[in-house]
Amino acid sequence: MKRSWYASPYALWMVLFTVVPLLFVCWYAFTTPSGAFTLDNFSKIAQPMYLLVLWDSLRLALYCTALCLLIGYPTAYFLASRDFSRAQSLVVLIIVPMWMNFLLRTYAMMTLLEDNGVLNTLMRAMGLPGMKMIGTEGAVVLGMVYNYLPFMVLPIYTVLKKMDYSVIEAAQDLGCNPLQVVSRVVLPMSIPGVVSGITMVFMPAVTTFSISRLLSSGMVYLVGDMIEDYFISMNNRNVGSSISLVMLVLIILSIGFLRKVDPDSEGGGLW
Amino acid sequence: MVRTHRAKALKGAYLALVLAFLYIPIVIMIALSFNKSVSRAEWTGFTLDWYAKLFQSKQIMAALRVTLEVAVLATAVSTVIGTLGAIGMQAMNTGMANVLVNMSYLPMTTPDIVTGVSLMLMFVFTKVPMGKWTMLMAHIAFDTPYVLFSVMPKLRQMNPNLYEAALDLGCSPLQALYKVILPEISPGIVTGALLAFTMSLDDFVISYFTSNTDQNLAMIVYSAARRGVEPTMYALSTLMFVAIMALLLAVNRRSGLENI
Amino acid sequence: MVQDMRLIELKGVCKSFGDTEVLHDVDLYIRKCEFITLLGPSGCGKTTLLRIIGGFEMPTSGEVLFEGKDMTGIPPHKRRINTVFQKYALFNHLNVYDNIAFGLNLKTPEQLGVKTKAEKKAEIERRVSRMLKLVKMEGYEKRSTNALSGGQQQRIAIARALVNEPEVLLLDEPLGALDLKLRKEMQLELKAMQQQLGITFIYVTHDQEEALTMSDTIAVMNGGRVQQIGDPKRIYDEPKNAFVADFIGESNIIPGEMLEDDLVRFSDTEFQCVDEGFEKNEPVDVVIRPEDIMIVGEDVGMLTGTVQSVVFKGVHYEMIVISGQFKWKVQSTTMQPVGSRVGMTIVPYNIHIMHRTDMPNIPDNIYVPDGESREEA
């Protein structure tokens, strides 16, 4: 038996449980519940109400990505700098929450933000008026940032750490002041890490349904929530499939776009 | 010199803030799992009642069983087919191997929710009853690429002449596989298996869409959370946190965390 | 007069990393336009010394003068020095052209001797293409640095440094990663470039042959100290101590004692030599190059011995001759069969006497007493 045949169970499984299901999504998206071909599912989701949900998802995911980049880049940069002898253990500390179930992390956030939660209790104890936090977009974005920040830090850190230090010395040698070292060498060379960080934050952020559900008790309604509703409570799988398909295409396009920005690299990604 | 000291202190303060942001919610949650009061607002004394309640809950114990069964089986199956897949792909011509590698990236790039609904559609269409068995199928599908991508680099590092040397010394191809190749790549296999186990334990979204009758722990957390905060869930969260940490330590021992 | 020519001067430079002292009280001056090589085994402190000159490390104590002015605290980007790094350190987010233009882009138009931004661009283009020509890489402007071979990357790294017209170019084992043939080629090219441009090159290497080929001056370093400094011929012919003798070229290093001026005894035999100023009966190290030992008939040799092994080395044969307690390495164009008895003579001029120093780094195979290891002797 040829050695390449060892891969056949794998190939079979991947086709059966990855490719075929995606074909089902396409099939359902273009049919009526009775199985006839239709484009109605798409024209339905082109209505303003649906587009608004899509827009909100993109908007909040962008806020979240921008915040993660803003907080995460300096974090990664400081960790990769040679200033901290124990940077290695600090990095582990950043990674650890990443492996905690995101529902648990969101649950922890809920505890802080609730009307009778830890933050409001503290504020009242200090004589400040309580604040409505659960249910606001701010709470959802905060929850997303809390969940996804490590996914931004790690790839950027990996790229910065792998960077040959003599490249920085070369820049100094050629006349860069410390600011120019960052803007002309460090930043451009870390683009692969930034790209993969953005991908890893934006993608789950734009498709989340549980974070918005738990931190807004339904007040903030995102694409993920809509898909969940169509499949679980409304049982309209055709429209649900068309929304899923549109989202999948959008995501593949944006990944393609990011790859364009940084063509020759798989980045300092997680795998 | 003074300036670099101050810069270093500022950097340290910044990192401390980021870590505080990441850990304070978790620490509070763990603390509250030992709080007598149901309220999050006050500390009324230490208790293990919530843990006791947790273990008395039939629903939660059933979910624990489902979670573990699915994770163990999914890990076993995905480790075998993932490892074989990596070995087979190495022997393939590049064109074919590229197709397979790209296919393996598919479940990693597809958003979980889309993977979840796509599998759900297939199970609904084929009228397979959705319970822990369908959940298992789905878990194998998303676990296997992790095994594949843990094993492939080890195979690539391996001296390509090793296999030929084994054949040259009289091994049959099958003997060469388990006497030479498998021992050589075993660190990758173990890492892949641990990774698969962790991913499986941790999964919520895909399980949520592929199982109706059986719930895993993450699904319990979700449905409980939708009803509002409940201290038993803090206890459950704390235990799951500890379990994942223990697993991660095991993985870390093998590979160093950043390599994951 | 000599004072005027000093471009860089190091005074009492020490450098420690934690508890490890890497450089110990180094005094050294570098003249304008010379090609000086810091030569030594790995860990001898040569790279650290180079990095201190480049401004990448601060000396723990001591000072570095540039044209007589202290530049100890000045950061690298403000020094008129450029560096060619060991592993090239090219910016792989930029193409070949932008790598070379990197330093020039940071300058103002005035610094480049032009007025407007457009003129600056043209000036940079002119200088970059001149550099590409110098390093023989015309036509590679738009290439990605990742697509270049090691030798080509090396050339770009050199061009990137030289285009800034530094007064001093630092080179940290720049040819270490290249294969032998390419290395020999680059050695000659580097030397030619240095002469053509008329600037100072400070070159770090552990390869003594490379150092002898290229340098005007060699500073041999070991254990964080400069062991000897001088022109290549002098260092080869008159090594100051056993370490230098051993590190530069091949040597037989034999313990002996100085009986009186111009008379030394080693291997139980008295020899005429040309060294004076030692104390009576002072123990010394005697250094004799393998090519300076002449094989003669057994009856006329100053020393006699048995040929233990013969290796053909192309131009000559290299033989190990056991005489008394010592193994002598001898190079000769005529071959003596293994086991034959031979005589050896050495002319006084070729016997080099050195003060005995503790040199733990000297390889053991230099004078192994017959059949036993050195420790047991």
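This tour proceeds from the contacts between chains to the domains, and then to selected strands and a helix of chain C. The model is a predicted one.

**Chains A and B**

Begin by displaying chains A and B together. At their interface, 70 residues of chain A are in contact with 67 residues of chain B. Select helix α1 of chain A, residues 8-29, next: with 15 residues, this helix gives the most to the side of chain A that touches chain B. Colouring that side by residue class shows 48 nonpolar, 16 polar and six charged residues.

**Chains C and A**

Now hide chain B and bring in chain C. Here 16 residues of chain C are in contact with 15 residues of chain A. On the chain C side, select β6 (81-84) and α3 (96-105), each of which supplies at least two residues to the surface touching chain A. By class, the chain C residues on this side comprise eight nonpolar, seven polar and one charged.

**Domains**

Colour chain B by its domain assignment, which gives domain 1 as residues 1-32 and domain 2 as residues 49-259. The centres of these two domains of chain B, taken over C-alpha atoms, are separated by 34 Å. Repeat the colouring for chain C, where domain 1 covers 2-237 and domain 2 covers 252-355. In chain C the corresponding centres, again taken over C-alpha atoms, are separated by 41 Å.

**An open sheet in chain C**

Select strands β1, β2, β4 and β5 of chain C. These four strands form an open sheet in the order β2-β1-β4-β5, with antiparallel pairing. At the edges lie β2 (20-31) and β5 (69-70), each of which pairs on one side only. Inside the sheet, follow β1 (residues 6-17) against β4 (residues 61-66): five bridges join these antiparallel strands. To locate one of the pairings, label C:I8, whose bridge partner in β4(C) is C:F66.

**Helix α6 of chain C**

Move to helix α6, residues 180-197 of chain C. At 1.5 Å a residue, its 18 residues should span 26 Å, and the end C-alpha atoms are indeed 26 Å apart, so the expected and modelled spans agree. Which residues of α6(C) are buried? They are C:M186, C:Q187, C:L190 and C:Q194. Looking down the axis of α6(C), one finds the buried residues within an arc of 115 degrees, and they therefore line one face of the helix. An α-helix has 3.6 residues a turn, so residues three or four places apart point the same way. Show the surroundings of this face: the buried residues of α6(C) pack against β3 (35-39), α5 (150-162), β8 (200-205) and α7 (208-214) of chain C. Rotate to the other side of α6(C) to find C:K181, C:L188, C:A192 and C:Q196 exposed. Just after the helix, select C:G198, which has a positive phi near 65 degrees.

**Strand β19 of chain C**

Finish at strand β19, residues 341-345 of chain C. Which side chains of β19 are buried? C:V342 and C:M344 point to one face and are buried, while C:R341, C:G343 and C:T345 point to the other and are not. In a regular strand the side chains alternate between the two faces of the sheet. Add β15 (residues 294-296), which pairs with β19(C) in the antiparallel sense over three bridges; among the residues to label is C:I295, whose bridge partner in β19(C) is C:M344. Then add β16 (residues 303-312), joined to β19(C) by four bridges and running antiparallel to it. Here C:T304 has C:G343 as its bridge partner in β19(C).

Notes. Residues numbered from 1 in each chain as written. Chains lettered and ligands numbered in written order. Predicted model: local features only at pLDDT ≥ 70, side-chain atom pairs only at ≥ 80, totals over all residues. Contact = placed C-beta atoms within 7 Å. Nonpolar A, V, L, I, M, F, W, Y, C, P; charged D, E, K, R; others polar. Buried ≥ 20, exposed ≤ 12 C-beta atoms within 10 Å, placed from the backbone. Pairing = 2+ DSSP bridges. Expected span 1.5 Å × (residues − 1). Arc of directions from axis to C-beta. Domains from an automatic or database assignment.
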